[in-house]
Amino acid sequence: MEEMKTNQGLPLIGDKAPSFHAVTTQGEINFPEDYAGKWVILFSHPADFTPVCTTEFMTFASMADEFKALNTELVGLSIDSLYAHIAWLRKIQELEWNGMKNVEVKFPLIEDIKMDVSRKYGMVQSQSSTQAVRAVFIIDTEGIVRTILFYPASTGRNFDEIKRVVLALQKADRDHIATPANWMPGDDVIVPTAGSCGTAKERMESTDEDQYCLDWFLCFKREKKS
Ligand code: BEZ
């Protein structure tokens with residue numbers, strides 16, 4: 001019977017991103033050290049030359065400059081060899097889909113044929129012992145895991161949502177706020193919950209036009225719409 005390769009654990013939100021050295025389509029990387037000072041999206045695919053993965057790769061590669069503008073680098077992984085990766089990325093460049101064509105994948109795709117990296121990140125789950133799930137780890141400038149998303153093999157990811165999460169995390173860090181459901185840049189944001197009876201009372205009685213409260217524990221800060 002085939003031996004199930006179990007995960008070595010799963011880093012959780014707030015943990016230091018597990019370190020690894022890997023061969024990629026852009027040369028060798030030391031992770032997360034090589035990305036100090038940058039946000040990183042580390043994402044996995046089940047395998048090369050698979051249809052959903054191909055549409056995802058085309059989409060992510062087409063958005064690479066949008067992520068770069070957010071000081072965010074992309075790092076992909078699939079449990080295949082470097083040579084399969086090179087052949088797949090060359091083929092992707094020949095395809096045309098959804099308005100995308102001549103898509104050059106300039107970010108690294110990790111060779112993980114021995115599953116060393118995917119097992120460190122909990123990317124090999126019960127669905128398959130030989131393919132990674134669609135995992136997304138958003139890691140901040142200090143190498144801390146800030147968001148984890150997992151999708152099954154049959155569901156392609158929404159890359160606009162991944163970009164929205166990066167924007168929301170960066171906004172929260174910058175302005176010490178939180179973002180409400182379905183927040184988009186420019187929408188009003190949530191101020192931290194009042195931590196004392198005094199602050200709760202102040203909030204409810206405030207005449208500050210930049211803030212409004214639905215109740216003492218749910219106060220918004222108005223964002224200037226441009
Ligand atoms: C895909 O990317 O299309 C795919 C990969 C693994 C299993 C099923 C679908």
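**Figure 1. Close-up of E223 and its polar partners in the predicted model.** The side chains of E223 and K221 are joined by a polar contact of 3.3 Å. A second polar contact, of 2.8 Å, links the side chain of E223 to the side chain of K171. E223 itself sits in the segment after β12, a strand that covers residues 218-221. Is E223 buried or exposed? E223 has a relative accessible area of 17%. The cut-off for buried is under 20%, so E223 counts as buried. What does E223 touch, once residues up to four places away in sequence are set aside? The list is K171, G186, D187, D188 and V189.

**Figure 2. The two domains of the chain.** The protein chain is divided into domain 1, residues 20-158, and domain 2, residues 176-226. How far apart do the C-alpha centres of domain 1 and domain 2 lie? The separation is 37 Å. By these bounds, E223 belongs to domain 2.

**Figure 3. The largest nonpolar core, with I41 in view.** This core has 27 residues. Which of them have the most contacts inside the core? They are I41, F57, F60 and I138. Several elements each give two or more residues to the core. The strands are β3 (39-45) and β8 (134-139). The helices are α1 (51-62), α3 (82-94) and α5 (159-175). Another core lies apart from this one. That other core has 23 residues, among them F20, V40, L77 and V117.

Look next at I41. Neighbours within four places in sequence are left aside here. I41 is in contact with F60, F67, T72, E73, L74 and V75. I41 also contacts V136, F137 and I138, as well as I162 and V166.

**Figure 4. H45, a buried residue of strand β3.** H45 lies in β3. Its relative accessibility is 0%, so H45 counts as buried. Which residues pack against H45, leaving aside neighbours within four places in sequence? H45 is in contact with C53, E56 and F57. H45 also contacts L77, S78 and I79. The other contacts of H45 are A132, V133, R134 and R157.

**Figure 5. F49, in the loop between β3 and α1.** F49 is partly exposed, with a relative accessible area of 49%. That value falls short of the exposed class, because exposed means over 50%. Which residues does F49 touch, not counting those up to four places away in sequence? F49 touches A84, A87, W88 and K91. F49 and L89 are 40 residues apart along the chain. Their C-alpha atoms are separated by 9.1 Å.

**Figure 6. The ligand and the residues around it.** Which residues are around the ligand? They are P46, T50, P51, V52, C53, Q131, R134 and A153. Helix α1 gives the most to this shell, with three residues.

Now follow the oxygen atoms of the ligand. A backbone N or O atom of C53 lies 2.9 Å from a ligand oxygen. For P51, a backbone N or O atom lies 3.3 Å from an oxygen atom of the ligand. R134 uses its side chain: a polar atom there lies 3.0 Å from an oxygen atom of the ligand. How much of the ligand does the protein bury? Taken alone, the ligand exposes 260 Å², and the protein buries 75% of that.

Notes
Residues are numbered from 1 along each chain as its sequence is written. This is a predicted model: local features need pLDDT of at least 70, side-chain atom pairs count only at pLDDT 80 or more; totals for chains, interfaces and linings use all residues. Side-chain values use heavy atoms; hydrogens and water are left out. Domain bounds come from an automatic or database domain assignment. A nonpolar core is a set of buried Ala, Val, Leu, Ile, Met, Phe, Trp, Tyr and Cys residues joined through side-chain atoms within 4.5 Å. Buried means under 20% relative accessible area, exposed over 50%, partly exposed in between (1.4 Å probe, protein chains only). Helices (H or I, at least four residues) and strands (E, at least two) are DSSP runs, numbered from the N terminus. Contact means heavy atoms within 4.5 Å. A residue is near a molecule or strand if one of its heavy atoms lies within 4 Å of it. A polar contact is a pair of N or O atoms within 3.5 Å; within protein, one must be able to donate a hydrogen and the other to accept it, and residues adjacent in sequence count only if both atoms are side-chain atoms. Accessible areas come from the Shrake-Rupley method with a 1.4 Å probe; for residues, only the protein chains shown count as cover.
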